[in-house]
Amino acid sequence: MRSTHHLPPRNPSVRIIPVLGLLAALLLAVGGPLAPRATAADPTARAVRIMPLGDSITGSPGCWRAVLWNRLRSTGYTDIDFVGTLGPQGCGQPHDGDNEGHGGELVTNVADQNLLPGRLAATLPDIVVMHFGTNDVWSAIAPDRILAAYSRLVEQMRASNPDMKIVVAQLIPLNPGSCTACAQRVVDLNARIPDWARTTSTDRSPVTVVDQWTGFSTATDTYDGVHPNASGDDKIAARWYPALTALLDTGTPGDPGDPGDPGDPGDPGGGQPSCAASFRAPSVWQGGYQGEVTVTNTSASPVAGWTVTVAPADGARLSQIWGGTLTTTADGTATVTNATWNGTLAPGARTTFGFIASAPATAGTPAATVTCTAHTASS
């Protein structure tokens, strides 16, 4: 019997046949590296399949997916395909609306009833973007049980694809009028997710955590204390974007070069590896912002790892990071070292890491000084 606490989906509009999903199915070829940026026509390549997974926040209509899709496409990530057994429900802008966001579902039920394997088999994703558990929190299910369900779903994802990349949200706040305890329950679950991810992640199948909670207001970013409005959709998409692009950039195959190319192992003309870093703030709110740093190999030699120093302006402090390991000094200067999966950069290749920063109310436009140091295999 379905709990009356479950999130109801919005009234669906007319279902639109997902043309992009149909084309992707016709071109389906299992395996192969992720290849997000369209650099040259390659008849053997296929689009990277990304599954948005969750409940009504993801799928009813889940318009953050439309915002995210269009941002990825407009910034050069054209070789992508959002997949799922559900189709689009509007959102007022063209996008690939396929998804796996089932209104009212509990992640614990999906795990207990083995609902995910069939959905994976039908869509064969390379990356799963998961915001799941809001209905479980609303139903007062304990964090231990929710995290056990997460682990079960990850097992099933890896059974479908051993190289699955998994991006998991710390949930947006929850404050419906009928559940005064829900706000704290979300906080309690979110506090457990990073440790769960660290013990679950592997080099081959990394689990990346994205903080969707910090800076998100149920008063201004939802229409009912639960479901995001347009402002909320923008914030959710902005948080997913750097984590996704870091995975897409890492999956882009590098040019192996010819035996005589500069930078080949043993070639003294290759020089020492070097890197550059650039900063941007794709999303800003009162008291904080989301930062994004792009690391580029600027040398003719491979980079085996990198360290970036981030000195934020106006007293800002980094509070969370994805795509790297963070250490912070007393003055707020942060040092970020590559993760295990994004340290190796071929000549000209790049990767991205993101962070959340808190900032004083008097702070101006986000700014930061960033410098990069490249490492060789022996350093």
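These legends go with several close-ups of a predicted model.

Residues are numbered from 1 along each chain as its sequence is written. Since the model is predicted, local features need pLDDT of at least 70 and side-chain atom pairs count only at pLDDT 80 or more, while totals for chains, interfaces and linings use all residues, and side-chain values use heavy atoms, leaving out hydrogens and water.

**View 1. The whole chain, with ten helices and 14 strands.** Helices (H or I, at least four residues) and strands (E, at least two) are DSSP runs, numbered from the N terminus. Of the 379 residues, 51% are buried, meaning under 20% relative accessible area with a 1.4 Å probe, protein chains only. Take the contacts (heavy atoms within 4.5 Å) with a separation of 6 or more: 76% of them link residues 24 or more positions apart.

**View 2. Ser56 and its partner His227.** Ser56 sits in helix α2, residues 56–59. Its relative accessible area is just 1%, so Ser56 counts as buried. The side chains of Ser56 and His227 make a polar contact of 2.9 Å.

**View 3. Where confidence drops and where it peaks.** The predictor's per-residue confidence, pLDDT, runs from 0 to 100; the chain averages 82, with 82% of residues at 70 or more. Strand β4 (residues 127–131) has the highest mean, 98, and helix α1 (residues 19–26) the lowest, 36. Residues 1–44 stay under 50, yet the model gives them 84 contacts beyond four places in sequence. Residues 252–270 are also below 50, with 19 contacts beyond near neighbours in sequence.

Conventions:
Buried < 20%, exposed > 50% of the residue type's maximum accessible area, 1.4 Å probe, protein only. Polar contact = N/O pair within 3.5 Å; in protein donor to acceptor, adjacent residues only side chain to side chain.
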